[in-house]
Amino acid sequence: MKVYFCGSIRGGRDDVHVYRRIVHALQSYGSVLTEHVSSSEISERGEAGGDRAVHHRDVDWLRQSDVVVAEVTQPSLGVGYELGRAVAMETKVLCLFRPASGRSLSAMIRGAEDGDRFVVKDYREDEVENVLEEFFNCLKRT
């Protein structure tokens, strides 16, 4: 299975430690095409190589993906764009949100939940592995 992981880069890197935990857990379900998102070496300035190259590479990875997992606690225009593309491609999506952050999740994300193709889960950092296990077990049944 090919997994596309979304997390904020230019929108803020405060949650990179959470991204590392999620990517580590996702690797037990398949190949994580975007594991670099969890690297502490990437700053808010983004990656080298130019914006157009990053866009085209990431859209190509989205096309290859069987599932998209997005940590959406830190607002990010890029993550929102990736989620919109994934929906248009009819790729299954799991969005993870931590209410303890004190933030409010966008209505466009929370309201898109349909229980099947687009799932939104509130979680605590210490339960992310269980949330992922539940999601991927449901994928196997469909």
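Biologist: Which elements each supply at least two residues of the lining of the largest pocket?

Modeller: They are β1, α2 (51–64) and α3 (77–88), helices (H or I, at least four residues) and strands (E, at least two) being DSSP runs numbered from the N terminus. The model is predicted: local features need pLDDT of at least 70 and side-chain atom pairs count only at pLDDT 80 or more, while totals for chains, interfaces and linings use all residues. Residues are numbered from 1 along each chain as its sequence is written, and side-chain values use heavy atoms, without hydrogens and water.

Biologist: What makes a residue part of the lining of the largest pocket?

Modeller: A lining residue has an atom within 4 Å of a point of the pocket, an open set on a 1 Å grid over the protein atoms alone, where a 1.4 Å probe fits, with protein on both sides within 12 Å along at least five of seven lines. The largest pocket has 24 such residues, with Arg-10, Val-54, Asp-58, Gly-78 and Glu-82 closest to its centre. Helix α2 gives the most, 7 residues.

Biologist: How do you know that β1 and β3 pair?

Modeller: Pairing requires at least two bridges found by DSSP. Strands β1 (residues 2–6) and β3 (residues 67–71) share 4 bridges in the parallel sense, so they pair by that criterion. Cys-6 has Ala-70 in β3 as its bridge partner.

Biologist: Why are β2 and β5 called edge strands?

Modeller: The open, parallel sheet has 5 strands in the order β2-β1-β3-β4-β5. Strands β2 (31–32) and β5 (118–122) each pair on one side only and are accordingly the edge strands.
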